Amino acid sequence: MESSIKNKISVAVSLFTAVILVTFLSCSTDETQTVTNFTNLTMADEFDLPGTPDPTIWGYDIGTGQNGWGNNELQYYTDRSENIIVEDGLLKFTVRQESYEGSGYTSARILTKGKFEQQHGRFEARIKLPWGQGLWPAFWMLGDDNDGTEVWPQIGEIDIMENRGQEPTIVGGAVHGPGYSGGTAISKPYELENDRFDTDFHVFGIEWGEDYINYYVDDVLYNRITPDDVPGEWVYNDSFYIIMNVAVGGSYVGSPNASTVFPQEMLVDYVRVYSAE
Amino acid sequence: MKNTSLIQIKRTFVLGMVLVLALGCERDLTDDAIPATFAKVGDIFTDDFVSMGSDFYFPFGGSKLDAFSVDTEEGYESSASYRIDVPNSDDPAGNYAGAILRVDGAGRDLSGYDALTFWAKASRGVSIDAVGFGQDFLDNKFQVNASNLSVGTNWSKFTIPIPDASKLTEERGLFWYAAGTQATGGSGYVIWLDEIKFENLGNIAHPRPAILNGSNVIEETFSGATIALTGLTQTLNLASGVNQEVTISPNYFAFTSSNTSVATVSELGIVDIVGGGEAVITATLDGMDAEGSLNITSLGDFNPAPVPTVEASSVISIFSDAYTNEPVDYYNGYWAPFQTTQGQNDIQVNGDNIIKYSELNFVGIQFAVDVPTIDVSQMTHFHIDIQVQGDIDPGDFLQVKLQDIGADNAFGGTDDSDDELTLTNTTLVSNSWVSIDVPISDFPGLTSRSNLAQVVFISDATITDVYVDNIYFYEISAEPTDAAPTPTVPAANVISIFSDAYANVAGTNLNPDWGQATAVTEEAIEGNNALKYSGLDYQGILLGSAQDVSSMTHLHIDYFTANSTALNAFLISSGPIEKAKALAVPSASGWTSLEIPLADFNPVDLADIIQLKFDGNGDIYIDNIYFHN
């Protein structure tokens, strides 16, 4: 019985893939665009080796940054195993309510800056989100600062996924660039019907080409941002690096309250990056 | 724009695939599916009642019975709704609206749903006292209460999560509510409900069941004690991000005792202490550990306070299992800011409720604000049983204060009065019950007793842990209501001085003039003669002839007094040689029958008894004075 269902599912998935292909073909036909298929795996961390995250891929941001990483965030980022560890085949971010170095919460923020950067491609991660008022998990990217000659938002920011812990069914994807950053970023939410992002894993990804960024949740393409959609310069034709973190509090989510349960975990099954053939 | 439409097209395709997949699954599953025994209908009211049968509306007793109607003009995206007209608080037909909706007929299988949902609005912003399901006026086995639902004046959707849907395979209690006007200053209002139904939302998560409101409660108790687990809740995170807590019935939980030789726990969360030792009571809900625990230290067998023997008709009781107690505001007012005392009537051992105070400095039992004051003006005595835990050092004390608030029936003013009894280590006994019986006259400062409002305990932390039981006032009537017990000793074994049951020594003078002030009368009580000494100072009985009672062993006397504080009985032989025997007074509950060994009267010559004598004070009734062996 079980195997027969599995068979059906796999058949369905194949059909679904076919649908995507058909759709994309029709897209290229209709709009005379060049559609790139990103099938060449350039980086993958499956988090199969227990311990600290692979140091050849991931570095850390430590502390509170300036002004709570620019957002009045409340957490102190550490590289302690209490906050970031690979185990059970997963990368685990653990957000704790504890007094640490003057902050009331600890968490972690890891990034591939200087270790893995890529211009264009398909970037995706399979993640189970934390939950509760005041939690702000994110899977996002920043552009190379060209040896410090450029600053945010000129360097460009692509938010593949961010979420407010008090909105367990909603994630958002955004771009921040010159003239459209912070509160005026170009973004779009995506809401799950009859499901939520903190009870199981979901795949969050973008397909990013020279003049478009497509946003996916699982197999649903829910937004496409092109130079026509941004009121400023298109700053996304450069090398970007990946950042994953769980912030606590700050202007985007508001502070945790008595109903927020700690500790909280963000679990990452994999991060994969593809380039065009 | 084209991008957008492209995306929409793709989403449609995905939906199509999902449908195909779902159909495929369904076909396969049906082959093995067990036929559903009960209807899986989720809808309750959508513009009208859905599959509820004909007799399904059961209002709460005391509520306004006809507060509900179907509104045929208002509705959520429709023109019909379930309308509740919450009455004003002074509505003679009922001061709140509340009802259950119980499906008329077989229950429904709700196991495929995860929430009760409905749309609601009100004529003004209100907080609805309680809404839920699982209440069927039968066993209310799987009751769920959501409290204080904030309803505004626009339609909005509410979600009451199901704690564990697998339990609800045959549920008749589909919806219930209670709405009053405490939060609106007594003003009535209207609530409209629509699309009341069970749904499978799929976006309710992170169950956090709890017992004892999630606290780890420590309880010191005894064998025979019974403790009901309360604060049973389930909290689930809704799609809105709200952590919705619901109070739920014990049947949703599986309870466990870590040591069943100390404590057992029933399916209904009733903990019975069965032995000494330690045990921890925990629970799970749908396999998930509930927050909170009851950590029991049982001290083993409990030595209860003596069971009161005063007739109930003569008693006004504040706290006793032997009597019907007067209602109280509380057994511990937790008076801020200086009171440290914890505890109240929370010990129950073998059906006997006991007050336990710990960290005592002062604490009060009050009956004045939400309940009437108590009129004890007809009572003559006060009783209380106290057991002090731990050592009682010299200087330690426990005051028992009685507070009356006078005719104005209010604290303050000029007519309040109080007085207290101070108990020390000369009276109190460590770890043992001490029964205090005192006449009200021992509280001389309590000038009024018609509006008694408080019993207050004060120790200034010299004594910190006490058990208290059987707090009551009682009346000892000035005269006995019953005849003294009829003697049963065979006449052959008796030399009788004064009794209707025997031939008395002839020629006896019951009132010889020895210069006493005592007034002597004979009173018929239920047709039985008794001697009455009024205003006793001393009083003799001159026997008609000297009696040789040396073959006898005891002197029997029945006596009754409500007001004497000293009473002695004397035997006198020629010489005269006399010896006193002190009698306990007052006699708390009717006649006291005393058998005094004659040896106690040594050196009186038992072969030559010529007189008896009593001295002391008060009014005394005496009967059945006889020697016997």
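Two strands pair if DSSP finds at least two bridges between them. Strands (E, at least two residues) and helices (H or I, at least four) are DSSP runs, numbered from the N terminus. This is a predicted model, so to speak of a local feature we ask for pLDDT of at least 70, and side-chain atom pairs count only at 80 or more, while totals for chains, interfaces and linings use all residues. Residues are numbered from 1 along each chain as its sequence is written, with chains lettered from A and ligands numbered from 1 in the order in which they are written.

**Exercise 1. Find the partners of strand S12 in chain A, and decide how enclosed S12 is.**

Step 1: look at one partner. Strand S11 (residues 157-162) of chain A pairs with S12(A) over four bridges, in the antiparallel sense. One pair to check is A:Glu157, whose bridge partner in S12(A) is A:His176.

Step 2: look at another partner. Strand S13 (residues 186-191) of chain A is also antiparallel to S12(A), with six bridges. Here A:Ala174 has A:Ser187 as its bridge partner in S13(A).

Step 3: check burial. A residue is buried if 20 or more other C-beta atoms lie within 10 Å of its own, exposed if 12 or fewer, and partly exposed in between, with C-beta atoms placed from the backbone. Six of the seven residues of S12 (residues 170-176) in chain A are buried, so the strand is largely enclosed by the rest of the structure.

**Exercise 2. Work out the strand order of the open seven-strand sheet in chain B, and say which strands stand at its edges.**

Step 1: write down the order. The sheet runs S2-S5-S10-S7-S8-S15-S14 (chain B), with antiparallel pairing.

Step 2: pick the edges. Strand S2 (57-59) and strand S14 (233-237) of chain B each have a single partner strand, so one side of each has no neighbour in the sheet.

Step 3: get the twist. On average, neighbouring strands of this sheet are turned by 25° against each other, direction ignored (axes are lines fitted to C-alpha atoms, for helices over the stretch in contact; angles run from 0 to 180 degrees between N-to-C directions).

Step 4: zoom in on one edge. S2(B) is joined to strand S5 (residues 97-102) of chain B by three bridges, running antiparallel. Within S5(B), B:Leu101 is the bridge partner of B:Tyr57.

**Exercise 3. Track down backbone oddities in both chains, and place each in its loop.**

Step 1: recall the background. Most residues other than glycine have a negative phi, and most peptide bonds are trans.

Step 2: list cis bonds. A:Phe262 and A:Pro263 are joined by a cis peptide bond with omega about -5°; A:Pro263 sits in the loop between strand S17 (240-248) and strand S18 (264-276) of chain A. In chain B, the bond from B:Ala336 to B:Pro337 is cis, with omega near 0°, and B:Pro337 is in the loop between strand S22 (315-319) and strand S23 (347-349).

Step 3: list positive phi values. B:Leu212 is not a glycine, yet its phi is about 50°; its loop lies between strand S11 (189-199) and strand S12 (216-221) of chain B. B:Tyr334 has a phi near 45° and belongs to the loop between S22 and S23 of chain B.

Step 4: compare their surroundings. B:Leu212 has 21 C-beta neighbours inside 10 Å, so it counts as buried. B:Tyr334 is exposed, with 12 other C-beta atoms within 10 Å.
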